[in-house]
Amino acid sequence: MSFDPALKKKLSALLKNQIIFDEPMAPHTSFRIGGPADALALPNTVLHLQSLIRFARQNQLPLTVIGQGTNLLVQDAGIRGVVVALSRLDTQISTDDQHENKVLVMAPAGARLKTLCKMAIHKGLAGINFALGIPGSVGGAVMMNAGTGHNSLDQIIENITLLSSNQEIRVLEKKHLKFNYRRFCWEQSSKIAKEPPVILAACFGLSRSTSAKIKKDAIRVMGQRAKNQPKTDHSAGCFFKNPPGKDGAGRLIEMAGLKGLKCGGAKISNQHANFIINTGKATSYDVLKLKEIIVETVLTKFNIKLETEVKILGS
Ligand SMILES: Cc1cc2nc3c(=O)[nH]c(=O)nc-3n(C[C@H](O)[C@H](O)[C@H](O)COP(=O)(O)OP(=O)(O)OC[C@H]3O[C@@H](n4cnc5c(N)ncnc54)[C@H](O)[C@@H]3O)c2cc1C
C-alpha cells in the first residue's frame with residue numbers, strides 16, 4: 001500500500017526534494033532487510049521536520065524516526081506512513097571547554113557516533129572510548145542507551161535536546177532523564193511526552209586526557225571488538241538483550257547448541273551467537289523464524305525468556 005496521489009502531492013509540496021515515496025528500507029539498514037516505506041523523509045532543517053510532524057498528525061499518518069538503521073529489523077511488507085531520518089540535518093559537533101572538571105561535547109542526533117568518538121580521540125577527551133565500534137547515529141544511540149559490558153551512554157550524558165510530542169524543543173538535564181539497559185525511558189523522563197520524542201541532540205561530559213593515551217586505549221577497545229564480533233556480515237548487532245545472571249544471551253544460545261543454525265538466508269553467527277546475520281538473501285520472515293526457535297530453545301533448556309534488543313518495525 002502507498003499514499004493516495006493527493007496526499008503525495010501535498011507531502012511533495014511540503015518537503016520538495018526531501019521525500020522519497022515507496023522507498024525500499026533494506027539499503028537503509030545494516031541488516032539489509034526490509035520492504036518499502038510508504039515515504040522516507042530526509043528533512044534539511046528542524047523547521048521542515050516540525051512541519052512534517054504537524055502534517056503527519058493532521059492526516060493521521062504514522063511516523064517512524066530512524067537513525068542509521070543499525071539496530072532495526074524492518075519487516076518484509078515495509079513500513080506504513082512516513083519514515084524520517086535526521087542525517088541531513090546539521091551534524092556539526094562542538095565543544096565547550098569552559099568548565100573546570102569536564103569538557104562538554106554537543107552532538108546533533110544525525111551525527112555518527114563514530115565521528116563523535118574520533119573527535120574525542122583527536123582532542124584527547126576521555127570517557128567515550130567504550131562506544132568505539134558501535135555503529136549508528138547519536139540519536140539512535142541515545143534512544144537505545146547504547147553501550148557495552150563496561151559502560152553505556154547514560155553515564156556520560158549531561159542533557160538531551162528533543163522535540164516533544166507537542167512540538168516543543170526542550171533541553172532536558174540529566175537529573176530529569178531515566179535510562180535502563182539499552183533503553184531511554186522517555187515516558188518516565190519528561191512530564192510532557194505522550195509519544196516517543198524525536199531526539200535532536202545530546203551533550204556529553206568528557207574528561208581531559210591526552211590524545212596519545214586515548215588512542216592507545218582505542219586500539220585496545222577496537223581489538224577486543226574485532227575478536228568478539230562479526231565485522232563484515234550484515235546484522236543488527238546483538239539480537240537479544242542480555243538477561244540478568246552470569247550468562248549473556250550469546251552464551252545461552254551457544255550452550256543451547258544453536259550456533260550456525262540457519263533459517264532461509266538468516267543464520268546464527270559462528271563467531272558470536274547473539275548475532276543473527278543475513279547471509280545474502282534473508283527476509284525478515286527468516287530472521288523472525290530463527291528468533292522464535294532461539295527463544296523457545298533457550299526457554300526450554302534454561303527457563304530464561306530472551307527479550308529482543310533489535311527494534312522490529314513495520315508489518
Ligand atoms: C555490527 C554491530 C555492532 C553493534 N554493537 C553494539 C554495541 O556494542 N552496543 C550497542 O549498544 N549497540 C550495538 N549495536 C546496535 C546499534 O548500533 C545501536 O543500537 C545504535 O546506537 C543504533 O543507532 P542507529 O542510529 O542505527 O539507530 P536505529 O537503529 O536507526 O534506531 C534505533 C531506535 O532508535 C530510534 N531512533 C533513532 N534515532 C532517533 C531519534 N533521533 N529520535 C528518536 N528516536 C530515534 C528508532 O526509532 C529505533 O527505535 C551494534 C550494531 C551492529 C550492526
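This note goes through the predicted model point by point, from the whole chain to its sheets and then to the surroundings of the ligand.

1. Overall composition. The protein chain of this predicted model has a secondary structure of 8 helices and 17 strands. Its C-alpha atoms, taken along the principal axes, fill a box of roughly 55 × 55 × 35 Å.

2. Compactness and burial. For 315 residues, a compact globule would be expected to have a radius of gyration near 20 Å, and the protein chain, with its value of 20 Å, agrees with that expectation. Of these 315 residues, 40% count as buried. When the contacts with a separation of 6 or more are considered, 63% of them are made by residues 24 or more positions apart.

3. The four-stranded sheet. Strands E1, E2, E5 and E3 form, in that order, an open sheet of 4 strands whose pairing is mixed. The edges are taken by strand E1 (19-24) and strand E3 (63-66), each of which pairs on one side only. From one strand to the next, the twist averages 35°. Within this sheet, strand E2 (residues 36-41) and strand E5 (residues 79-85) run parallel and are joined by 4 bridges, and a student who wants to find this pair in the structure can look for Ala37, which stands opposite Ile79 in E5.

4. Helices on that sheet. Helix H1 (residues 5-15) packs on the sheet, where it touches E1 and E2, and the direction of the helix makes about 125° with that of E1. Helix H2 (residues 46-58) also packs on the sheet, touching E2, E3 and E5, and its direction makes about 165° with that of E5.

5. Strand E13 and its partners. Strand E13 (residues 198-208) pairs with strand E7 (residues 103-108) in the antiparallel sense over 6 bridges, and here Leu104 has Gly205 of E13 as its bridge partner. Strand E9 (residues 157-163) likewise pairs with E13 in the antiparallel sense, over 6 bridges, with Asn159 facing its bridge partner Cys203 in E13. Strand E8 (residues 125-126) is a further antiparallel partner of E13, over 2 bridges, and the bridge partner of Ala126 in E13 is Ser207.

6. The three-stranded sheet. A further open sheet has 3 strands in the order E14-E15-E16, and its pairing is antiparallel. Strand E14 (262-263) and strand E16 (276-278) stand at the edges with a single partner strand each, so one side of each is left without a neighbour in the sheet. Strand E15 (residues 266-268) runs antiparallel to E16 and is joined to it by 3 bridges, one pair of bridge partners being Ala266 and Asn278 of E16. Helix H8 (residues 284-302) lies across E14, E15 and E16, and runs at about 30° to E15.

7. Around the ligand. Which residues come nearest to the ligand? Of the 31 residues around the ligand, these are Gly67, Gly136, Gly139, Gly140 and Gly237. The elements that give two or more residues to this shell are E3, helix H4 (138-144) and E13, and H4 supplies the largest share, with 5 residues. Two of these elements have already been met, E3 as an edge strand of the four-stranded sheet and E13 as the antiparallel partner of E7. By residue type, the shell around the ligand divides into 14 nonpolar, 15 polar and 2 charged residues.

Terms used: Residues are numbered from 1 along each chain as its sequence is written. This is a predicted model: local features need pLDDT of at least 70, side-chain atom pairs count only at pLDDT 80 or more; totals for chains, interfaces and linings use all residues. Two strands pair if DSSP finds at least two bridges between them. Axes are lines fitted to C-alpha atoms, for helices over the stretch in contact, and angles run from 0 to 180 degrees between N-to-C directions. Two residues are in contact if their C-beta atoms, placed from the backbone, lie within 7 Å. The radius of gyration is taken over C-alpha atoms; the globule rule is 2.2 Å times the number of residues to the power 0.38. A residue is buried if 20 or more other C-beta atoms lie within 10 Å of its own, exposed if 12 or fewer, and partly exposed in between; C-beta atoms are placed from the backbone. A residue is near a molecule or strand if its C-beta atom, placed from the backbone, lies within 6 Å of it. Ala, Val, Leu, Ile, Met, Phe, Trp, Tyr, Cys and Pro count as nonpolar, Asp, Glu, Lys and Arg as charged, and the others, Gly among them, as polar.
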